[in-house]
Amino acid sequence: MDALNSLLSGLAGAVTPTNLLFVFVGVLIGTIVGVLPGLGPITAIALLIPLSFGLDPAAGLILLCGVYYGAMYGGSITSILIRTPGEVASAVTALEGYEMAKRGHAGPALATSAVGSFIGGSLAVLGLVFLSPVLVDVSTSFGAPEYAVLLVGALALTTSLMSGSRLKALISVLFGMCVGLVGMDPQDSVARWTFGSIQLSDGIDIALLAMALFAIPEAIRNLAVGERHPSHALAIQRAWMNKRDLRRSSGPYARGTLIGFVAGVMPGLGPTLGSFASYSVERTLGRRARDERRAEFGHGAIEGVAGPETANNAGVGGAMVPMLALAIPGSATTALLLFVFQMYGLQPGPQLFQTDGDLVWTIVASMLIGNAMLLVLNLPMVRLFVKLLKVPPPLLYSGVIAFVMLGAYALTFSFFSLMLLLVIGLMGYFLQENGFPLTPAILAAVLLPLLELNLRRALRISAGDWTTFIDRPISLTLLVLIVIGVAVPMLLQLRRRFARPD
Amino acid sequence: MLKTRFLAAAVVSGLALSGCSSSSAEGSTDDYPKGPVQMSVGADPGSGFDLTMRTLVDVLQKEKIVDAPMPIENHPGAASAVWLAQMVERKKEADDQVSVTSLVMMTNKARAQSKYNYDDVTMICRLLSEYFVVVTSADSKYKDLKSVLDAVVKDPKSVPVGAASDDQLPFALLVDAAGGEASKINFVAYDGGGEQSAALLSGDIKVAIAGTSEFLPLIESGKLRALTVVGEKRLKGLPDVPTSVEQGYDVTLSNWRGIYGPPGMPDYAVTYWKKALKKAVNSDSWKKAAKKNQWETTFMTGDEMNTYLKSTNQQVEDAMAKTGNS
């Protein structure tokens, strides 16, 4: 109960008027940068660092952490309404969320994402408080071979996202892989697919790819149709979840919290993969279900919004575990937060909770308060946001294009990003109009570079010996699970075919 | 709502400023700088470059050394080589462009990943140095630098060494000094100290090298063991860790960070910034920030700096030749 006492004393420290103000300001800024595409928590935190120089450590860190988890809330809003992910972890929310909005269910989608974010965010903070000592060891139990195997599994899961033509989905995966390969290779710095352009040597930003493949094709399609008024379904939006929505969301909330938290704890994965994994799991479960969910996935299933949104917020709490306890950041954002801690003369690492316990508990407690504030802030806004869909399509989607171009430009402040956005966006438009699903492309572009990185590291470390994947117990276990996961459904299908020879 | 506007303003000003071109008209020492001076960072927000520049600008403003506005802009790409090329090709002779660079400039050039080097721009000063440290996990069988290097010399494949691609050079030089073949080292690339720490703790790699600050928390907590600091003098932060020179390996390559302007930057501007930066690093706010960030201020300008850059560049080229341009 030590942790509980510490948390309570932390809460006492966090509810001072100034600290509450900084929590509020932090989550508000976070929500706004989350909404703006291209402008993610990293940029916002970097911009705020000079300002936080002047604050005392507690206030500064409360503010910047607030920006981080606030951004995870904001990112989903534009994903759902206009299919423009505000930040990468919310890209997957666009899949079902935007479909829901098209059917007049933008309200429930926004509401479930706010509630899920709150649940995931808060439970992850509690996980951070009570499970941290155990999880520290877990977070370093995975080496390159384990990550490589896990990512193979994740790639295999992407097949569950395919609907319609298998061949087209496969082509989409290959397209995504090609995009993922662009840039310097991660081990030997050899330029691949850069056509000699120095701007391409860092590869193509996933945030840019998500904007190009989600927002641009949809905007062009809407503009091309020439519809001057929002469709009937768009104009009448239900503003709130009903009982059935809530019931259907509860399972994804629980699973999303678990998946997101674990993905956050593992330094090699992070919140983005957590939300993708959660979506895959919900979709796989949906396919097995015998009710309306089966048909709804791909056309606006609420589970596909609730799960990933819960997961990406749970990932924030998870990512704090290795950052605070081991000084190991799992993502670029936590790396920056780590730096801010050091800037205040605090040294994250095993001894942090002893040396600066009061401060850390105050910050952790502020995250609980901040999550509650975000819920209160976001729920009333749902009604307001839904009105956005009543804007006539020509105006709305021209706005989207301008908005996305601003976001792409803000990634590197170069004209090149804009060109890249337009080229990939046009490719995306033609792919979409010809019935190619684009989600597999984005998934492949996220997963392939990670897989390559870990596969090649594992093989370097083992000096080229492939048995490294079956020599290690965790890696072997994961491999067996993947084989079972792939083989069992195939065998079942075969048996069904033999049982019914008609 | 103030914050909202602040952010929006930051974005919009960023847009506006990068839109306009920069070579301003003739000026003189007296009224320079007349307008805003663009402080560019060729890397992402939050990177080492970015934080150096933001700290510097903060000090220059707080200590009232420079009155002119100094908007900071990030132009990430290719380990800062994208922005370096812009400075050389598009900002020639401008007096209102200042940027930050480091050893990376030299390694990029030596690897042919950048067309330009320190002598293609106007170097204004060296600001600070960061020393490399070689670490193992606390339970490793390697207790000192010698045992690691001997093992690498004997069977390079069996000792995977974790290093960001820019941090491989000092280790290659150490192996070379120990009589091994630098091109045979089994380097595994990681993206900075966080990834390396995770890999050391999970047992993936046995040995890693990076800038001191990257490992400090875990060295202090005893999870990692520091075997050596590459250089001549021991560091204040790690007084018990012997240097490479002490242990008989004559390798002193360290990372530096400095400030530069475009090629042909007018003399009055160069003089102005030299003076301003010198004042900045001697101020209390800089000293405080440097201590917080574990930066070793090694300010240097003029001939002294040029000699240093030249010899460092030579070391980089030599090392690159030995590692077979890995």
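This report describes a predicted model of two chains, A and B, beginning with confidence and then taking the chain contact, the helix packing in chain A, and the domains and sheets of chain B.

**Confidence**

The predicted model has an ipTM of 0.86 and a pTM of 0.85. For chain A the mean pLDDT is 86, with 97% of the residues at 70 or more. Within chain A, helix 19 (residues 415-433) has the highest confidence, a mean of 93, and helix 10 (residues 232-235) the lowest, a mean of 67. Chain B has a mean pLDDT of 84, and 90% of its residues score at least 70. In chain B the lowest mean pLDDT among the elements, 40, belongs to helix 1 (residues 2-19), and the highest, 95, to helix 5. The pLDDT stays below 50 over residues 1-27 of chain B. That stretch nevertheless has 36 contacts in the model beyond near neighbours in sequence. Where pLDDT is low, the predicted coordinates should not be read in detail.

**Contact between the chains**

The contact between the chains involves 52 residues of chain A and 46 residues of chain B. On the chain A side, two or more residues each come from helix 2 (17-35), helix 3 (41-53), helix 15 (332-343), helix 18 (393-412) and helix 20 (439-461). Helix 3 of chain A provides the largest share of this side, 9 residues. By class, the side of chain A that touches chain B consists of 34 nonpolar, 15 polar and 3 charged residues.

**Helix packing in chain A**

How do helix 1 and helix 17 of chain A pack? Helix 1 (residues 2-14) meets helix 17 (residues 357-387) at an angle of about 75°, and the axes are 7 Å apart. The two helices of chain A are therefore roughly perpendicular to each other. From helix 1 of chain A the contact includes Ser6(A), Leu7(A), Gly10(A) and Ala14(A). Among the residues of helix 17 of chain A that take part are Gly357(A), Asp358(A), Trp361(A) and Ile369(A). The residues of this contact, counted over helix 1 and helix 17 of chain A, are 7 nonpolar, 7 polar and 1 charged.

**Domains of chain B**

In the domain assignment, domain 1 of chain B covers 36-129 + 255-322, while domain 2 of chain B covers 132-229. Their C-alpha centres are 28 Å apart. Domain 1 of chain B gives 7 residues to the contact and domain 2 of chain B gives 11 residues. On the domain 1 side, helix 4 (104-110) and helix 11 (302-322) of chain B each supply at least two residues. Helix 11 of chain B gives the most to that side, with 3 residues. The side of domain 1 of chain B that touches domain 2 of chain B has 3 nonpolar, 3 polar and 1 charged residues.

**Sheets of chain B**

Two open sheets of chain B are set out below.

| Strands in the sheet | Strand order (chain B) | Pairing |
|---|---|---|
| 6 strands | 2-1-3-10-4-11 | mixed |
| 5 strands | 7-6-8-5-9 | mixed |

In the sheet with order 2-1-3-10-4-11 (chain B), strand 2 (72-74) and strand 11 (296-300) stand at the edges with a single partner strand each, so one side of each has no neighbour in the sheet. From one strand to the next the twist averages 25°. Strand 4 (residues 122-130) and strand 10 (residues 255-261) of chain B run antiparallel and are joined by 7 bridges. Met123(B) has Tyr260(B) in strand 10 of chain B as its bridge partner.

In the sheet with order 7-6-8-5-9 (chain B), the edge strands are strand 7 (187-189) and strand 9 (224-229), each of which pairs on one side only. Neighbouring strands of this sheet are turned by 30° against each other on average, direction ignored. Strand 6 (residues 161-163) and strand 8 (residues 207-211) of chain B pair in the parallel sense over 2 bridges. Within strand 8 of chain B, Val207(B) stands opposite Val161(B).

Helices also touch the strands of this sheet. Helix 6 (residues 168-177) of chain B packs on the sheet and touches strand 5, strand 6, strand 7 and strand 8 of chain B. The direction of helix 6 makes about 145° with that of strand 6 of chain B. Helix 5 (residues 145-154) of chain B lies across strand 5 (132-137), strand 8 and strand 9 of chain B, and runs at about 85° to strand 9 of chain B.

Conventions
Residues are numbered from 1 along each chain as its sequence is written. Chains are lettered from A and ligands numbered from 1 in the order in which they are written. This is a predicted model: local features need pLDDT of at least 70, side-chain atom pairs count only at pLDDT 80 or more; totals for chains, interfaces and linings use all residues. Two strands pair if DSSP finds at least two bridges between them. Helices (H or I, at least four residues) and strands (E, at least two) are DSSP runs, numbered from the N terminus. Axes are lines fitted to C-alpha atoms, for helices over the stretch in contact, and angles run from 0 to 180 degrees between N-to-C directions. Two residues are in contact if their C-beta atoms, placed from the backbone, lie within 7 Å. Angles under 35 degrees count as roughly parallel, over 145 as roughly antiparallel, 65 to 115 as roughly perpendicular and the rest as oblique. Ala, Val, Leu, Ile, Met, Phe, Trp, Tyr, Cys and Pro count as nonpolar, Asp, Glu, Lys and Arg as charged, and the others, Gly among them, as polar. Domain bounds come from an automatic or database domain assignment. pLDDT is the predictor's confidence in each residue, from 0 to 100.
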